[in-house]
Amino acid sequence: MRTIYRYTILCSIVLFSISFAHGQQLKAGAAIRIITPNPLLPVSGGVGTPNPVKEKQGELYVRALVLEKGATRVAIVSVDNLGWTSILGNRSRALIKGIPAGNILIGATHTHSAPDAYAFPDEKGQAHADLGYLDWCTKQMADAVNEAITKLAPATIKTAVGETKGKISYNYYAPELFDPRCGVIQAIAASGADKGKPIATLVNYAVHPEVIGPDRGILSPDLCGPLYSRIEAKVGGVALFLNSAQGGMVTADNRVGHEGKEANDWNECKRIGELLADEALQIIDGAKEQTDPALYCTSRKLSFPVESPLMKYILHNSPLKSAANSEDSVSTQLNLLNIGTAQVLTVPGEALPNIGYYVKRNMHTRQPFLFGLTNDAFGYMLTKVDFGSFKRYDYVSRTSLGELTGEIYISAALKLVNESPAADK
Ligand SMILES: [Zn+2]
């Protein structure tokens, strides 16, 4: 009798703790906005005056995925642009209702065929960006997230990391030195008419979307456009692309033949974008559905000294100013996110692939995700050993904040990992 009694009490305690820790249903919602300027605007692939365009191929988007569990709500946003500073991101954060600013992750896809969002100054210190367009984009971004919140519905999650096969990316400086791993997060409706169908599929992969680039008179999301279309045609829901550690110089593999020739058109964007979409869907296909995943999000402030004369010049002359940044120092938001068995770290720039490998290896998960160019995009991030080394690294060293950027990032990122809970086992 007593044994049974004790057993009952024990069961009640266990059941109570299960319901306390796991009783809250994960919810997911997603929404998009088109941000193609009308009329079209010049496009920017980096520092300098943007180039005029005559046509567009595909549309530019803001894409938002909101996840909620219990009191935790997180937004993951991607924007088809070269880089999206926190000056713009914070305008959207201020307009988003019901998610703390620190739980809103905003990543740029790094397409090289979208309007200038840095307001880069030219040699005379004049900027040519359309500040009205950028402000409109910040409202579209907030609208997309706010809509995704209204669509929150019970969901399960699938997460996976696997190697892609086929001609997608390579390292322009040293062909084999890139990370072929692709991370995929899929939120799946757990009830209602769409039960079992994806609400959103997020693809995390390192590549420069610069097949078309800024010099062809074309505005385009580059390979990201066909990636979205392919995923949405095949499985439905909203597709998102978050770049990874693609600095120095992991780019789209559009090589043709052996004489340095490249395919630079929309057809090549389709070939690569659709291939990456197919690979991503293959990677997530066999993943186990997680019906009760943990959702954890934390953020830290991260500051970097500015040593590069070019970066000082941009910070001094760009009309997009932030009280948090000066010519000598910039600061940004660093995020760590656990979604079930996956762990995500953000990178506020273009980390070189060796930094990506090192950080991923030290994360507390078997499914590491790095969201590159997220919350800010402060140029290339090299280790101090790589900085100013090979002649090949002249450009990426000049367009880096300074020699210690990579080191500061690595130590802050690993400290955050060590002080945060691990992903689900
Ligand atoms: Zn780049």
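Which backbone oxygen does the side chain of N243 reach at 2.9 Å? The tour of this predicted model begins with that residue.

**Stop 1: N243**

Select N243, which is found in strand β11. Its side chain reaches the backbone oxygen of T109, at 2.9 Å. Relative accessibility is 0% here, so N243 counts as buried. Now display its surroundings, leaving aside neighbours within four places in sequence: N243 is in contact with A108, T109 and H110, with the run N204, Y205, A206 and V207, with P209, and with L370, F371, G372 and L373. One of these contacts, H110, leads to the next selection, since H110 is also a protein donor of the zinc ion.

**Stop 2: the zinc ion**

Centre the view on the metal. Four residues supply its protein donors: H110 and H208 through NE2, E350 through OE, and Y380 through OH. These atoms lie 2.0 to 2.8 Å from the zinc ion. Along the chain the donors follow the spacing H-x97-H-x141-E-x29-Y. H208 belongs to the loop between β9 (198–205) and β10 (218–219), whereas Y380 sits in strand β20 (residues 380–381), so this pair ties together parts that are 172 residues apart in sequence. Both H208 and Y380 are buried.

Why is the arrangement of the donor atoms irregular? The 4 donor atoms subtend angles of 88 to 172 degrees around the zinc ion, and this range makes the arrangement irregular. For four donors to count as tetrahedral, all angles would have to lie between 85 and 135 degrees.

**Stop 3: the open sheet**

Next, colour the strands of the sheet. 8 of them form an open sheet in the order β5-β4-β3-β1-β6-β8-β9-β11, with mixed pairing. The edges are β5 (104–108) and β11 (238–243), each of which pairs on one side only. From one strand to the next, the twist averages 25 degrees.

Start at the β5 edge. Strand β4 (residues 72–79) pairs with β5 in the parallel sense over 5 bridges. To locate this pairing, select I76, whose bridge partner in β5 is L105.

Then move to β9. How many of its 8 residues are buried? The count is 8 of the 8, so β9 is largely enclosed by the rest of the structure. With β8, β9 pairs in the antiparallel sense over 6 bridges, and I188 stands opposite P198 of β9. With β11, β9 pairs in the parallel sense, again over 6 bridges; here T201 has A239 in β11 as its bridge partner.

**Stop 4: helix α5**

Add helix α5 (residues 266–285) to the view. This helix lies across β6 (153–163), β8 (181–189), β9 and β11. Relative to β6, helix α5 runs at about 110 degrees.

**Stop 5: Q333**

Finish at Q333, in strand β16 (residues 329–339). Is Q333 buried or exposed? Its relative accessibility is 15%, so Q333 counts as buried, the cut-off being under 20%. Two polar contacts merit display: the side chain of Q333 reaches the backbone oxygen of G102 at 3.3 Å, and a 2.8 Å contact joins the side chains of Q333 and N335. Not counting residues up to four places away in sequence, Q333 touches R93, A101, G102, I104, S299, R300, T346 and N375. Of these, S299 is 34 residues from Q333 along the chain, while their C-alpha atoms are separated by 6.4 Å.

Methods. Residues numbered from 1 in each chain as written. Predicted model: local features only at pLDDT ≥ 70, side-chain atom pairs only at ≥ 80, totals over all residues. Heavy atoms only, no water. Donors = N, O, S within 2.8 Å, 3.2 Å for Na, K, Ca; no water. Tetrahedral: all angles 85-135°; square planar, octahedral: opposite > 155°, others 65-115°. Helix = DSSP H or I, 4+ residues; strand = E, 2+ residues; numbered from the N terminus. Buried < 20%, exposed > 50% of the residue type's maximum accessible area, 1.4 Å probe, protein only. Pairing = 2+ DSSP bridges. Axes fitted to C-alpha atoms, helices over the stretch in contact; angles between N-to-C directions. Contact = heavy atoms within 4.5 Å. Polar contact = N/O pair within 3.5 Å; in protein donor to acceptor, adjacent residues only side chain to side chain.
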